[in-house]
Amino acid sequence: MQTLYDKLWQGHLVHEESDKPDGMALLYIDRHLVHEVTSPQAFEGLKLAGRKPWRLDSILAVADHNVPTTGRSHGISDPTSRLQVDTLDQNCEELGITEFRMNDLRQGIVHVIGPEQGATLPGMTVVCGDSHTSTHGAFACLAFGIGTSEVEHVLATQCLLLKKAKAMQILVEGELGHGITAKDIALAIIGKIGTAGGTGYAIEFAGSAIRALSMEGRMTLCNMAIEAGARAGMIAVDDTTIEYIKGRPFAPRGALWDQAVTYWRKLKSDPGAAFDQILRLDAAQVKPQVTWGTSPEMVTTIDGRVPDPSQITDAVKRHDMEHALKYMGLAPNTPISEIHPDKIFIGSCTNSRIEDLRAAADVVKGKHIASTIKLAMVVPGSGLVKHQAELEGLDKIFLAAGFEWREPGCSMCLAMNDDRLASGERCASTSNRNFEGRQGPGGRTHLVSPAMAAAAAVAGHFVDVREIY
Amino acid sequence: MEKFHSCEGLVAPLDRANVDTDAIIPKQFLKSIKRSGFGQNLFDEWRYLDHGEPGMDAARRKLNPDFILNLPRYHGAQILLARANFGCGSSREHAPWALQDYGFRVIVAPSFADIFFNNCFKIGLLPIVLEAGNVDQLFREVHATDGYRLVVDLGDQSVTAPAGESFLFDIDPFRKNSLLNGLDEIGLTLQHSERIKAFEEKHRAVQPWLFA
Ligand code: SF4
């Protein structure tokens, strides 16, 4: 009896370096996604060693972190950002790697475009020099982020040296309440187990509430597995998975499609397979989540309050909490609903897919952002998401409500381009990290779902989306 | 990769849990396409009073006198003593690059984030996991003692305190061997080329759509 993780591991094992079960092993990589920030040194290393990519057709490249989200006709104004994107373009052209360039309609955040193109397929090992590669696990892939030395390793050998992780199952049973999303499940889990709770584990999400999620929701959940410390998150294949992939550009067709579907159907944990740890969550109990601190585990529910460090006995924890509250400019015991964001960011590889934009648009439709909101922006995850949203008229809804409608990219998720918070500014953000300075030096981030971000934009403070919509 | 045998060095204590990679090296410095030069921006937002951008002359920037690494007694530290979940967050190898470029050769903590831990080995920076209680003890000792040094021996897998007390640590034998000999892992893997090709053939037969 095997877990899904066991199957994926076993199915890619090329060689074991030791006869012990927990030794290093060589694993074959099916899909290598590449972006501009973590690849230049890898390409350079490859070149210096006189090596060539092992398998070009496994690689798909895109620039996403540095690209501007405003007009792109004049290129990138920041010379260092431009050099990084140009370097990717050059490397891909020289080596013959498929790349979606900045002005290609298919360009977008690397973790959005992989699945969107059908370049992420069930049963694959997927890697990228980016920790949120865990996103692709939503397709029953073994998908995880790697460092630049490993990017070079995969380019040169199509393999990675790895140690098998332990397996954790997170069972979410029952029905989610109205207005509650995968983002709330993710934050609720992280609030429970902490940002190191999944360290050393590959997490499989299962249970009726997970099966009821769309692929977009599953991607949001697996995306955040890394924020729980797990390098990989994954979900078994079912009809939802297969429906999503069908007809996508890189997906198999004809007889190959049928053959693939038969294979993919087996990609689930065997009944009774053993996990090293099992965690249960009752979907009906999940409420809208809002982070109050500088780590995703510093989270509470919309009806909660900012915690009080004086109640914490553990000295390291208390010290971290005090530090976080000082940084966030929050007093202990403040009701979450009395926190007023200055800016709203709807985007990132966590929540920038069509379903996320629909959820946010539903909330703001016919309303306007509060006068205290300095900037509210929507950054679609890809050119194709943007295009689809425009077909549905979502752009009009956002624009009428006072939002800005931008070009696709990472944008203010990490503020490597011009989109960033000024020091002291507070943001309701649908991204995944609220670390100090993440959205701009001195910027204060509150992580929420797209519907909650939209509701905060309209109300001018955090508010329970279930009450207004 | 740089070889690592042993290190006898000054210890700097960073007494915070969950130190993330954005704190270790903020994103504006990730725009560099080079592998070196990140040391001057290690912990940039904590270390300097002004806001750092690439290309600034570090010598002209105002240091934050309260940040631990800026205290004269920790100048030249080679061993960083840290708290739980060190290196959480992104996969940026720029984080270990910055620590190494600054001068660190060893990081001791009760736990590390997975990707960061892995990245360290690739460049010859040694992350050591010790029990939380032992790390607490080291924090107490380093705070109390000027010029506190530790001896780290990879061969013996030991960390030895000035008073002679030794703590043993675990390391995967493959990783240990790679570090001790400064091996090129890509070169090692390429020695398995035939195996990889054979695997690929088998894989293609079962899942031909992966190679379409
Ligand atoms: S959207 Fe944010 S988390 Fe996702 S890949 Fe881009 S920078 Fe990383």
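Partly exposed describes a residue whose relative accessible area falls between the buried limit, under 20%, and the exposed limit, over 50%. The legends below describe views of a predicted model.

**Figure 1. Glu93(B) and Arg35(B) pair within chain B.**
The two side chains form a salt bridge, with 3.6 Å from N to O. Arg35(B) has a relative accessible area of 31%, so the residue counts as partly exposed. Glu93(B) is buried, at 0% relative accessibility. Glu93(B) sits in the loop between strand E2 (79–81) and helix H3 (94–102) of chain B, and Arg35(B) in the loop between helix H1 (21–24) and helix H2 (44–47), so the salt bridge ties together parts 58 residues apart in sequence.

**Figure 2. A salt bridge joins Asp184(B) to Arg51(A).**
The closest N and O atoms of this pair are 2.9 Å apart. The contact crosses between chains. On the chain B side, Asp184(B) belongs to the loop between helix H6 (173–181) and helix H7 (185–190). On the chain A side, Arg51(A) belongs to the loop between helix H2 (40–48) and strand E4 (59–62). Asp184(B) is partly exposed, with 39% relative accessibility. Over all chains, the count is 39 salt bridges.

**Figure 3. Glu404(A) and Arg406(A) form a salt bridge in chain A.**
The closest N and O atoms lie 2.7 Å apart. Which partner is buried, and which is partly exposed? Arg406(A) is buried, with a relative accessible area of 11%. Glu404(A) is partly exposed, at 32%. Side chains of opposite charge can pair when their charged atoms come close.

**Figure 4. Ser411(A) is a buried loop residue.**
Ser411(A) lies between strand E17 (404–405) and strand E18 (426–429) of chain A. Its relative accessibility is 0%, so Ser411(A) counts as buried. What does Ser411(A) contact, leaving aside its neighbours within four places in sequence? The partners are Thr69(A), Phe345(A), Met377(A), Val379(A), Met416(A), Asn417(A) and Asp419(A).

**Figure 5. Helix H15 of chain A is mostly covered.**
H15(A) spans residues 450–459, and eight of its 10 residues are buried. Pro450(A) and Met452(A) are among them. Ala451(A), Ala453(A), Ala454(A), Ala455(A), Ala456(A) and Ala457(A) are also buried. The cover includes strand E13 (289–291), strand E15 (343–346) and E18 of chain A. Helix H12 (354–364) and helix H16 (465–468) of chain A also contribute to the cover. Just after H15(A), Gly460(A) takes a positive phi of about 85°.

**Figure 6. Ala140(A) and Asn18(B) have positive phi values.**
Most residues other than glycine have a negative phi. Phi of Ala140(A) is near 60°. Ala140(A) occupies the loop between strand E6 (125–128) and strand E7 (142–145) of chain A. At a relative accessible area of 0%, Ala140(A) is buried. Phi of Asn18(B) is near 55°. Asn18(B) occupies the loop between strand E1 (6–13) and H1 of chain B.

**Figure 7. Chain A gives the setting for its close-ups.**
Chain A has 16 helices and 19 strands. The C-alpha atoms fill a box of roughly 55 × 55 × 45 Å along the principal axes. The radius of gyration is 21 Å, which agrees with the value near 23 Å for a compact globule of 469 residues. Of the 469 residues, 66% count as buried. Among contacts with a separation of 6 or more, 75% join residues 24 or more positions apart. Chain A exposes about 15600 Å², with carbon and sulfur atoms supplying 50% of that area. The mean positions of its 46 positive and 56 negative charges are 1 Å apart.

**Figure 8. Chain B gives the setting for its close-ups.**
Chain B has eight helices and seven strands. Its C-alpha atoms fill a box of roughly 65 × 45 × 25 Å along the principal axes. Of its 212 residues, 56% count as buried. Among contacts between residues at least 6 apart in sequence, 64% join residues at least 24 apart. Chain B exposes about 8500 Å², and carbon and sulfur atoms supply 50% of that area. The centres of its 23 positive and 28 negative side chains lie 5 Å apart.

Key
Residues numbered from 1 in each chain as written. Chains lettered and ligands numbered in written order. Predicted model: local features only at pLDDT ≥ 70, side-chain atom pairs only at ≥ 80, totals over all residues. Heavy atoms only, no water. Salt bridge = Lys/Arg side-chain N within 4 Å of Asp/Glu carboxyl O. Helix = DSSP H or I, 4+ residues; strand = E, 2+ residues; numbered from the N terminus. Buried < 20%, exposed > 50% of the residue type's maximum accessible area, 1.4 Å probe, protein only. Rg over C-alpha atoms; globule rule 2.2 N^0.38 Å. Contact = heavy atoms within 4.5 Å. Areas by Shrake-Rupley, 256 points an atom, 1.4 Å probe, with all protein chains shown as cover. Lys, Arg positive; Asp, Glu negative; His and termini not counted. Charge placed at Lys NZ, Arg CZ, Asp CG, Glu CD.
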